[in-house]
Amino acid sequence: MTDWPLPEGLTGDPRLIRVFAGGAKEGAEDCPTLRAVKARPRLRAAHRTPYKPDDLETFALAPVMRRLDLLEFGRIRDDPARVRPSHPGLERFAEHAAAQYRAAAESLDPEGRLLPDPKYWVRQTRTPAGSGGGRTVYELRAWGRCYADRERTVCELRLLRFGSVHRGGRRRAERDPAETAMAAYVSAYGGRAAEPARWGDEHEVQGVAAPRRIRVVEIGCLDGSVGEPLFDGTPEEADAAYRRLAAPRLRATVDAVHRRPGPGCAACRLAASCPDLPRASGVLGIADVSRPRRTLSVTDLRRYAKCPAQEHLRRLHLPYDESREHDRHVTRGHAVHAWLQRLHERTPRRPCTPADAPADPTDWAADGWHLTGADAELGARLIGRHAAVCPLRHADPEAPVIAERLFTFRDPEADVVLVTKPDLVYRSGGAVVWREIKSTKYRTPRGGEDVLERYPQAALALVLLAEGVFGGDVRRSRVEVEVLRPTGSDLELVSPRQTDRVATARRVIRGLAAPWHRDATSAPKPGKHCARCEVARWCPAAPPSSGASAFGEPR
């Protein structure tokens, strides 16, 4: 039995430990304690709160798996009572993904030697009863489509990827080798089991003979692509890979006690009591805890204001057209941001100078954002303009400067977990300063729009500073909005001392958040923006062929 201490705020039996293959991978923004709690399905919050189910399905591959279940088994394996309705856009994706998967499956096994297994593969072990009188049950599961030949000498686990196995975006992540190793291990040594009637029940595992060969392959739901096997070997090789790559990660997962607030807090049973998750009561200006707890960022709000369906489909991580989201102007902005972040994180710390701009202004890159030609020259010019207003000129030398770090807060009045990533947070004369940096090709301001309305990030920053969530002297804190132009740089300051500006910021945030908070359908809002929508292909308001060319196929 692990000596993992039960966190305050939880109750229940920690002696059933269940980890899926994804538990072997590491994420920079994952909370270790959340992963440890999720691995113990019998734990619950000590103070029961009303159950608030999601309005719509939040796991985008679930309806894909259900469609494949119907095709392969004539029924879905999920408990119908647990199935949430899916957004029509997700249904469109699921229909496409299931068809692509079936085509890929036929190419993998044209003679049909492998049969789909309606059971799940589970590796289950038990420790002897300890001095406390109880035993610990460990369950490892691999999530995917399971296949074996009639003699079960070959077992193949097929993992699903949202996009393409071959053609990915700029930041497409390869599957973690530790996740693959655990998937192969479970395929080699696991038994067969149905989904438990209740999540906190043990699996009733049927033992089977170990196969002679295990394959783990990956299929792209976007285009039915299949890469080289992630694993193809014997049970002994799977065991060796598991012990080398996955087992240390899994031990760290189930024994974790460190906390790191982040996007996952919305799904955590400790969210209401976690001392490491700062409270920001009333930031959204919404007094309604009846809605399901969700994560929210300013990017989400901006997307929602444009089109609720777009925000929902992006929240589901469906494949999207990067060329539409990251046009040349957006790409240039990201490149400028990344270059400045690198400068602000230098050691020893020093203010930026015009000489810190790219040496070759016609061809340069930062954090994978590559610019050439006129865009590169403009971006380099904007970086040079930043030097005149670089915040490091005024930062307290002994205080930390935090660049592009994720901050997480909970607004208990709306039961929402807020995530935000300031461009820079620093201290000047002991006061907390939040700097937002924007870049534009325009030489002069356009339209006379209030900076808090044009940049909701600044509005949220001002409200958070006014609430004192960053500590320090609230009245001396400030938000700085830096706008880089080809001709120079504009710098506008707003402070919690300006009660009228704080009122404007609160109005902006509530005006964006309130419609999102009460919406249960995420219906499309067609308009001119549809021409540039990166998820148009899945939109229920678009013709079936709309946006196909965005994914490399003819219209």
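Start by selecting Cys-533: its relative accessible area is 11%, so this residue is buried (buried means under 20% relative accessible area, exposed over 50%, partly exposed in between, with a 1.4 Å probe and protein chains only). You are looking at a predicted model, where local features need pLDDT of at least 70, side-chain atom pairs count only at pLDDT 80 or more, and totals for chains, interfaces and linings use all residues. Residues are numbered from 1 along each chain as its sequence is written, and side-chain values use heavy atoms, with hydrogens and water left out.

**Stop 1: the cysteines**

Add Cys-307 to the selection. Cys-307 is buried too, at 7% relative accessibility. Which cysteine sulfur is closest to that of Cys-307? Select Cys-539: its sulfur is 5.8 Å away, too far for a bond. Go back to Cys-533. The nearest cysteine sulfur to this residue is that of Cys-307, 6.3 Å away, and Cys-533 is in no disulfide. A disulfide is a pair of cysteine sulfur atoms within 2.5 Å. Searching the whole structure gives 0 disulfides.

**Stop 2: helix 12**

Select residues 456-466, which form helix 12. Helices (H or I, at least four residues) and strands (E, at least two) are DSSP runs, numbered from the N terminus. How many residues of helix 12 are buried? The count is 9 of 11, so helix 12 is mostly covered. Among them are Ala-458, Ala-461, Leu-464 and Leu-465. Step past the helix to Gly-468, where phi is positive, near 75°.

**Stop 3: helix 12 against helix 13**

Now add residues 499-518, helix 13. The two axes come within 8 Å and cross at roughly 120°. Axes are lines fitted to C-alpha atoms, for helices over the stretch in contact, and angles run from 0 to 180 degrees between N-to-C directions. Helix 12 and helix 13 are therefore oblique to each other (under 35 degrees is roughly parallel, over 145 roughly antiparallel, 65 to 115 roughly perpendicular, the rest oblique).

Show side chains. Helix 12 residues in the contact include Leu-460 and Val-463, and those of helix 13 include Ala-505 and Ile-509. Contact means heavy atoms within 4.5 Å.

**Stop 4: helix 9 against helix 10**

Select residues 328-344 for helix 9 and 373-386 for helix 10. Their axes lie 10 Å apart, at an angle of about 40°. That makes helix 9 oblique to helix 10. Trp-339 and His-344 are among the helix 9 residues in this contact, and Gly-379 and His-386 are among those of helix 10.
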